[in-house]
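I opened the coordinates and the sequence side by side. These entries record what I looked up, in the order I looked.

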Amino acid sequence: MPADYQNEIRLEEPHRFETNSALVAEPAEGETLIRIRRIGVCGTDIHAFHGRQPFFEYPRILGHELGAEVVASQGHSDLSPGDWVTVEPYLNDPESPASRKGKTNCCESLRVLGVHTDGGMRPYLTVPTTKLHRTGKATLDQLALVEMLCIGQHAVNRSFASPTDRALILGTGPIGLSVLTFLQNRTQNVAVADISETRLEFCREAFGIEETILVEPGQSLEPSVRDAFGGELPDLLFDATGNRDSMASTFDLAAHGARIVFVGLFQGEVRFDDPNFHRRELTLLASRNATAKEFGEVISAIETRAIDTSAWVTHRMALADVPAEFPKTIADPSLRKAIIDCD
Ligand SMILES: [Zn+2]
């Protein structure tokens, strides 16, 4: 068992982390104490740091992308001390209407670890045992990427993508790339669009994407999107920008009968023209978080090497260095994914 007290890194207010000594919580019935080994830095953490995450309450311990090790479980558990696990950080109420329908990812009273409740930027954490997913083969770094990859897997599952789909991904940050990772298993006809040429280059090099579209602000994307698909428009569009204008533009870039999936979130109204929506008979889907089943699918894809995660991590820092290193790391334009190393 760990020491009674541990150093937690807490975001006290925007732009200010502090290290606090706090008691390590004992696991209650149905809970497991885990040792945090790796933490992925997510867009949510960055927004919270800048004070741009609406309805976010401070102080908060961030960290929801976790590679961890089991210390001890209380009550029934298939886990053993030393097992490597990742955490499904979506704490749902099993009795809620959405949970009863299997939609644990968007439960009415959902609390996300590290967002609505304190997360993993600390050496030890207790979590419901049912939210732990074990691996025998994935590395700790890979475990810290699982939650982010699940966002892509869930969006692709929502879309019912098939080999005949011509698909466009708008936005190739980590979320767009996680969509791309799993979409490529469903269809080979994928184009990506972004405002960053560096990111597009990464899609060409790491994912072999031939059709990459540079987005020029204020200019219609339609001609270049048609170019990418032999003069036609795509059947399936994923918006991973969280940008209002980009999301609104998808209605004009979609083929008749197409599906649009909003993976990125914009905090406000996105408007569309209803006759345009009807004329094309579009299907619009939101995608939020992921389910336990998808955590299993992603871990299995990593273990069987069906997906390659080797190029994701560009930055690393130690947990104790977060207050000093975090601001510098997230300001670096070459950042793709940062990992906090707790060992
Ligand atoms: Zn995340």
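In which sense do strand E10 and strand E13 pair, and over how many bridges? I found that E10 (residues 167-170) and E13 (residues 236-239) pair in the parallel sense over 4 bridges. I note here that this is a predicted model. For one residue pair in register, I took Ile169, whose bridge partner in E13 is Phe238.

Entry on the sheet. I traced an open sheet of 6 strands in the order E12-E11-E10-E13-E14-E15, with parallel pairing. At the edges I have strand E12 (211-214) and strand E15 (283-286), each pairing on one side only. I read off the twist as an average of 15° from one strand to the next. As background, I noted that strands of a sheet pair through backbone hydrogen bonds, either parallel or antiparallel.

Entry on helix H3. I looked for what H3 covers and found that H3 lies across E13, strand E14 (259-262) and E15. Relative to E14, H3 runs at about 155°.

Entry on H3 against H4. How do the axes of H3 and H4 cross, and within what distance do they come? For H3 (residues 140-159) and H4 (residues 174-183), I have axes that come within 7 Å and cross at roughly 55°. At that angle H3 is oblique to H4, because angles between 35 and 65 degrees fall outside the parallel and perpendicular classes. I also logged the crossing of H3 and H4 as right-handed. On the H3 side, I listed Met148, Leu149, Ile151, Gly152, Gln153, Ala155 and Val156 in the contact. On the H4 side, I listed Pro174, Ile175, Ser178, Val179, Thr181, Phe182 and Leu183. Sorted by class, this contact has 10 nonpolar, 4 polar and no charged residues.

Entry on the backbone. I checked the loop that follows H3 and found Phe160 in the loop between H3 and E10. Phe160 has a positive phi of about 50° although it is not a glycine. I then found a cis peptide bond joining Tyr58 and Pro59, with omega about -5°. Pro59 sits in the loop between helix H1 (43-50) and strand E4 (65-73).

Entry on domains. I have the chain divided into domain 1 (5-136 + 310-341) and domain 2 (150-286). The centres of domain 1 and domain 2, taken over C-alpha atoms, are separated by 29 Å. How many residues of each domain are in contact with the other? I get 6 residues of domain 1 and 4 residues of domain 2. On the domain 1 side, the touching residues are 2 nonpolar, 2 polar and 2 charged.

Technical notes:
Residues are numbered from 1 along each chain as its sequence is written. This is a predicted model: local features need pLDDT of at least 70, side-chain atom pairs count only at pLDDT 80 or more; totals for chains, interfaces and linings use all residues. Domain bounds come from an automatic or database domain assignment. Two residues are in contact if their C-beta atoms, placed from the backbone, lie within 7 Å. Ala, Val, Leu, Ile, Met, Phe, Trp, Tyr, Cys and Pro count as nonpolar, Asp, Glu, Lys and Arg as charged, and the others, Gly among them, as polar. Axes are lines fitted to C-alpha atoms, for helices over the stretch in contact, and angles run from 0 to 180 degrees between N-to-C directions. Helices (H or I, at least four residues) and strands (E, at least two) are DSSP runs, numbered from the N terminus. Angles under 35 degrees count as roughly parallel, over 145 as roughly antiparallel, 65 to 115 as roughly perpendicular and the rest as oblique. A crossing is left-handed if the near helix is turned anticlockwise from the far one by less than a right angle, and right-handed if clockwise. Two strands pair if DSSP finds at least two bridges between them.
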